[in-house]
Amino acid sequence: QDEFRPNQDSLPGKVLIALSSTPRPVVVYNTLAQERVCVVCVHVSTQRARVRHLDGRAVLAQIGPVWTAAADMVPDTYQLSFLARLPPLALVTFELWEASDPRVTVLANTTLFGVTPGHGPQRGGLLGVDVRAAPPPSGLSIHNTHATLRFGGPKGFLQGVRLCGATQEQAVQVDLAWYGTRGARDNSGAYLFLPDGDAKPYETEVEPVVRLAEGPLFSEVTSYLPHVTHTVRLYNLPGVEGLSLEVTNVVDIHSEINHELVMVLTTDLQNQDIFYTDLNGFQMQRRRFWQKLPLQANVYQMTSAAVLQDPERRLSLLSAQALGVAGMRPGELQVFLDRRLMQDDNRGLGQGIKDNKPTLSRFRLLPERRSRHDSVPGAVPGTGGSLSLLGHVTSDVLNHPALLLLGEPTPQGSAAPLAQLTPLTTPLPCDLYLLNLRTLQATEGGGPSEDIALILHRRGYDCWLEPTHYLLNCNRTSPPQLNLSSVFRDLTFIKAVPASLTLLYPAPVPGVGVEDPAAAEERGVEPVHELALRPMELATARVALA
């Protein structure tokens with residue numbers, strides 16, 4: 001793989017790929033059963049890197065320095081980002097090599113704000129880095145064909161989002177805040193959250209350094225603060241990748257005492273103190289701020305998504321990790337990033353939370369507009385919290401990124417690697433998620449069986465959201481059956497037997513439920529060629545292929 005960990009509790013780092021004139025293969029695996037267009041990032045040893053397909057077609061790429069701190073670059077290491085179009089569940093091979101004329105590799109334009117004169121990167125001029133002592137201007141912005149993001153303030157944080165075609169900007173302000181703990185007998189600990197009042201703004205005496213990087217594939221703004229490195233990235237890509245904002249935080253509060261750090265999203269949405277969080281990634285739960293309850297009683301768990309909305313607009317926060325969230329004011333969402341507490345809370349752990357390490361948190365912010373043309377009579381927009389279909393797909397992109405496999409340089413005269421492996425004939429519908437596709441163990445001999453396990457989940461989604469160009473070209477499950485005989489490429493479909501989720505019993509009979517295994521075997525189960533899936537349900541089958 002392309003990542004490594006120096007030790008067991010450090011953040012993963014990128015493997016440095018040493019390039020030469022001999023092409024080096026890189027295999028990219030699409031973990032989703034739908035087509036995807038994404039940016040693949042690797043670290044290479046030369047600025048003159050190029051990328052191509054095995055058939056010789058050039059691939060658009062963007063290159064820039066690798067940063068270890070606000071104004072420090074890793075010597076002889078570069079971040080190479082290239083465009084990858086991946087069929088569903090496919091493995092696609094690209095070739096990387098050092099060229100004398102990297103015509104399709106574009107050097108990203110980088111600007112550093114707030115750097116003390118004389119403390120800039122030594123090789124910044126060679127890599128297109130512009131160093132400025134002044135703080136970031138109030139009109140700092142990045143954009144793609146779908147949205148324009150505006151940044152401002154002393155920290156260079158996000159201030160607003162303007163969608164393409166919108167008449168006005170939507171306020172989406174990002175900031176940080178601290179929670180302290182009580183000085184009484186009961187204090188916050190591993191199990192208890194007992195704050196000393198409302199969250200206090202995050203203030204620092206050190207002037208933050210803000211880095212702006214712009215390129216043909218993505219643009220990003222990074223703010224370096226004493227405890228947080230905060231990045232907002234906007235992809236300039238067709239499809240789902242370019243419709244949301246990627247937000248990452250690297251948090252390190254090991255030097256603090258009894259502090260809890262939160263990221264605060266402040267919007268102009270009129271949500272009436274109501275927001276939604278997901279329940280184990282399946283359903284959405286309605287939450288509300290209750291003034292009569294103590295502050296800690298208004299904090300809820302967010303497994304992978306939280307939603308703020310009003311009758312006209314929606315803002316979805318999609319998360320790659322489970323965190324606590326709260327909505328203390330109208331239009332506001334607080335996300336807990338890390339906690340450091342020095343005392344035990346007498347709930348069984350026997351110690352405080354003192355093992356803090358640099359921690360990465362990844363999010364996607366998805367602004368959406370509600371459709372004014374809906375065919376549901378009597379329906380009231382803004383009363384349901386289910387994710388839109390675009391929200392589900394964006395969450396898949398965040399939680400299931402493409403995987404990289406690094407190959408060795410291909411010697412002259414050796415057999416060329418496989419250019420592409422595509423196991424599916426067509427992508428699965430966008431509202432279907434492939435939970436599992438694996439071989440089964442044979443009943444005799446202990447080897448693999450000729451059958452495979454297929455588990456699918458059909459999402460339920462909010463239809464009130466305005467369709468995008470991506471959704472207009474996205475197939476849905478209609479009718480609600482999936483024809484298995486036409487899914488797999490170069491494999492002959494024999495039969496599919498519906499089964500329970502554990503694959504130990506035949507599928508439950510409507511009106512009867514799960515039968516005794518002996519009774520089910522006596523009744524027999526007829527093989528099927530189609531799997532019926534209703535929204536919010538799972539379908540499991542043993543599939544025989546040849």
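Which residues does UniProt list for "domain: Glycosyl hydrolase family 38 C-terminal"? The unreviewed entry gives residues 142–347. The structure examined here is a predicted model. Over residues 142–347 the chain is 51% strand and 0% helix. The C-alpha atoms at the two ends of this stretch are 47 Å apart.

The protein as a whole contains 38 strands and 3 helices. Its radius of gyration is 26 Å, close to the 24 Å that the globule rule gives for 546 residues, so the protein is as compact as a globular protein of that length. Along the principal axes, the C-alpha atoms fill a box of roughly 80 × 75 × 55 Å. Contacts that span long stretches of sequence were also counted. Among contacts between residues at least 6 apart in sequence, 69% join residues at least 24 apart.

Burial and surface were computed next. Of the 546 residues, 50% count as buried. The accessible surface comes to about 26,200 Å². Carbon and sulfur atoms account for 51% of that surface. The protein carries 46 positive and 54 negative charges. The mean positions of these two sets are 3 Å apart.

Two loop residues were then considered in turn. N187 lies in the loop that runs between β16 (170–179) and β17 (200–201). Is N187 buried or exposed? N187 has a relative accessible area of 19%. Buried means under 20%, so N187 counts as buried. Residues up to four places away in sequence were left out of its contact list. Beyond them, N187 touches T181, R182, L192 and L194. N187 also touches Q343 and D345.

The second residue is P427. Where does P427 lie? P427 sits in the loop between β32 (420–421) and β33 (432–441). The relative accessible area of P427 is 31%, and the residue is therefore partly exposed, a class that falls between the 20% and 50% limits. Which residues is P427 in contact with, leaving aside neighbours within four places in sequence? The contacts are A33, Q34, E35 and P88. A separation was also computed between P427 and V528. These residues are 101 residues apart along the chain. Their C-alpha atoms are separated by 21 Å.

In short, N187 is buried, whereas P427 is partly exposed. Each lies in a loop between two strands, β16 and β17 for N187, and β32 and β33 for P427.

Conventions:
Residues are numbered from 1 along each chain as its sequence is written. This is a predicted model: local features need pLDDT of at least 70, side-chain atom pairs count only at pLDDT 80 or more; totals for chains, interfaces and linings use all residues. Side-chain values use heavy atoms; hydrogens and water are left out. Helices (H or I, at least four residues) and strands (E, at least two) are DSSP runs, numbered from the N terminus. The radius of gyration is taken over C-alpha atoms; the globule rule is 2.2 Å times the number of residues to the power 0.38. Buried means under 20% relative accessible area, exposed over 50%, partly exposed in between (1.4 Å probe, protein chains only). Contact means heavy atoms within 4.5 Å. Accessible areas come from the Shrake-Rupley method with a 1.4 Å probe; for residues, only the protein chains shown count as cover. Lys and Arg count as positive and Asp and Glu as negative; His and the chain ends are not counted. The place of a charge is taken as NZ of Lys, CZ of Arg, CG of Asp or CD of Glu. UniProt positions are given in the numbering used here, feature names are shortened, and annotations may be inferred rather than shown by experiment.
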